[in-house]
Every structure is written in structure tokens, then in C-alpha cells.
Amino acid sequence: MKQLIIFLILFYTTGLKAQFESKVDTLDVTTNGNAYKFSPKKLIIPSVFISYGILSLTNDGLKEINTSTRHESSEHITPGAMIDNYMQYAPVVAVYGLNLAGVKGNHNFKDRTIIYVTAHLIMSAIVIPTKKWVGEERPDGSSKTSFPSGHTATAFSSAHFMFREYKDTNFWLSISCYPIAAMTGVYRIFNDKHWVGDVVAGAGIGILSTEMAYWLFPVIFKWFTPKSNDQSLIILPTYQSKQFGLGIIKTF
């Protein structure tokens, strides 16, 4: 997970170690209520993507698309590019980078970090068990954890995070990372690591995870908000056993 280093650097630069006081840390649900309300319409796109991916596991027509796409890509592309390992994090780096440059999104540093971490945890809770449960073999035969694509899920979760943060202030900027997310999925196919259905399902899971994070945010926000000025919250990155993570220290 070395590719997380860039994200962690931005995390520090934009104020990773921060104390939050209740007088400046309030959530205006009345103003931004629609951003946190469940909407069935927002389930349409991720549901279609995830359904396609599931059907591709058993439907002969969709399985043929998987194999024919792999055949075509293998004729013109040599696997081995590592760019997809980094592209998946480009959207979230863009969000924090833009904030560092003074381009404000819909949430402050702490709130957007809570949302992003929540989305990533939801996505991981879906992707990791599903990979083991489905047991689909990768195109290159390296393992049986092909479905769904974790790289693509991460990329689309981050791209949708970018969309949600900037859609109200700069629409074209907000959608600018979707092509990067799409190319991440394409490169997973080029690198012979995933079938088309894996990538499409991963995209759906990524979008759904971010939507769920925004729906849950008002509830999670309360836990991270001190009830008095004597309380504080510190979020720090951790590194142990070659794994990155986040440590949370809350004083009462």
C-alpha cells in the first residue's frame, strides 16, 4: 500500500493533527439536508453496475464479453503497467490537493475525512468478503479473488467523493475524476487482473459505498463532535506490519 503515502502527506499538510471545538464544529442538516438523505434514485446507477457484474458470473452472453474483451486486449496490450495502482487514489488526492490550493468543497477537512474513511470502510467490508465468497479466478490465473475489482471500487468511491464535494460549486470539476476511475478499471483489464464484469461491479460498489457514507454522516458526525470545549479529537495515520491505517484519539 505504498501508494497511500501521497495521500498521507496531503493529510498532514492540510492539518491532519487537529482539535475540533464544538463552537465551530456544527453540522447544519437543515441547509445540507438533501446531501444526507436517502434517495432511491441514487441507487439506480450502482445497482445497474453491480447487477451487471453479478450476471456476468453466470450469463453466457456476458461471459462471452469477458473472454472476447480479454482476447482483444491481449492482442494489443502487454500486461504489466503499474499505473492502476496509483490512479485509484488520484481522485481523493485531488480533493485534498484542491482544498490545500484554496478551492473549497462542501465540507471542511474533518467532515470530509470522516466521510471518506467511512466510504472506504464500507467498500472494504463489501469487497473483501465478496472476493473470498465468490472465488472467481483472475484472467491470469494468479488467484481466485477476481470479483469484484477492488482497485476499481476504490477509484470510483474516490471519484464519487470528488463529485459529492464539488458538484454544488463547480460541476465540471466535480466529474473530472470519473474518467480517471474508468481508466483504472480499464487498466485492470489490460493487466489481465480482472474481467469486464469484475470492473463494472467494482464501479457500482465504489459509488454505493460513498453514497452510504454521506447518508450515515449525520450519525457518525455526532460521535466525532466534542460536547464541550475541554474535549478534543486527534486523527493520526498509523503504520504497522506494512499496513497503513488511521488512529483516532478522543479526550473526554
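Here is a walk through the fold, from its overall layout to its cores, salt bridges, surface and aromatic pairs.

Keep in mind as you look around that this is a predicted model. The protein has 11 helices and 2 strands, and along the sequence the order is α-α-α-α-α-α-α-α-α-α-α-β-β, so the helices come before the strands. Of its 252 residues, 46% are buried. Long-range contacts carry a good part of the picture: if you take the contacts with a separation of 6 or more, 76% of them join residues 24 or more positions apart.

Let's go inside. The largest nonpolar core has 25 residues, and the members touching the most others are Val92, Ile115, Phe161, Met162 and Phe217. Four helices each give two or more residues to this core: H6 (90–100), H7 (109–134), H8 (150–166) and H11 (196–224). There is also a second core, separate from that one, with 6 residues, among them Ile50, Val127, Ile205 and Leu208.

Now for the charges. The structure holds 5 salt bridges, and a few of them deserve a closer look. Start with Arg70 and Asp192, whose closest N and O atoms are 2.8 Å apart. This one reaches across the chain: Arg70 belongs to helix H4 (residues 60–76), while Asp192 sits in the loop between helix H10 (178–190) and H11, and 122 residues separate the two. Asp192 is buried, because its relative accessible area is 14% and the cut-off is under 20%. Arg70, at 31%, counts as partly exposed.

Next, find Glu211 and Arg164, which meet in a salt bridge at 3.0 Å, N to O. Again the partners come from distant parts of the chain, with Glu211 in helix H11 and Arg164 in helix H8, 47 residues apart. Here both ends are out of sight: Glu211 is buried at 4% relative accessibility, and Arg164 is buried at 3%.

Lys167 and Asp168 make another salt bridge, with 3.3 Å between the closest N and O atoms. Lys167 is partly exposed at 29%, whereas Asp168 is exposed, with a relative accessible area of 55%.

Out on the surface, the protein exposes about 12,900 Å², and carbon and sulfur atoms supply 63% of that. One spot to pick out is a nonpolar patch formed by Ile44, Ile45 and Val48, which together have about 280 Å² of accessible area. Val48 lies in helix H3 (residues 44–55).

That leaves the aromatic rings, with a count of 9 aromatic pairs. Take Phe38 and Trp215: their ring centres are 4.9 Å apart and their planes lie at 70°, so this is an edge-to-face pair. Phe38 is in the loop between helix H2 (33–36) and H3, and Trp215 is in helix H11, so the pair ties together parts 177 residues apart in sequence. Phe38 is exposed, at 52% relative accessible area, but Trp215 counts as buried at 16%.

Tyr187 and Phe190 are edge-to-face too, at 5.7 Å centre to centre with 75° between the planes. This pair stays local: both residues are in helix H10, 3 residues apart, or about one turn of the helix. Tyr187 is partly exposed at 24%, and Phe190 is also partly exposed at 24%. To finish, look for Phe163, Phe171, Trp172 and Tyr178, which form one aromatic cluster.

Definitions and conventions
Residues are numbered from 1 along each chain as its sequence is written. This is a predicted model: local features need pLDDT of at least 70, side-chain atom pairs count only at pLDDT 80 or more; totals for chains, interfaces and linings use all residues. Side-chain values use heavy atoms; hydrogens and water are left out. A nonpolar core is a set of buried Ala, Val, Leu, Ile, Met, Phe, Trp, Tyr and Cys residues joined through side-chain atoms within 4.5 Å. Buried means under 20% relative accessible area, exposed over 50%, partly exposed in between (1.4 Å probe, protein chains only). A salt bridge is a side-chain nitrogen of Lys or Arg within 4 Å of a carboxyl oxygen of Asp or Glu. Contact means heavy atoms within 4.5 Å. Accessible areas come from the Shrake-Rupley method with a 1.4 Å probe; for residues, only the protein chains shown count as cover. Patches are made of residues with over 30% relative accessible area and no salt bridge: like charges are joined within 9 Å, nonpolar side chains (Val, Leu, Ile, Met, Phe, Trp, Tyr) within 5 Å. Rings of Phe, Tyr and Trp (its six-membered ring) pair if their centres lie within 6.5 Å; planes under 30 degrees apart count as stacked, over 60 as edge-to-face and the rest as tilted.
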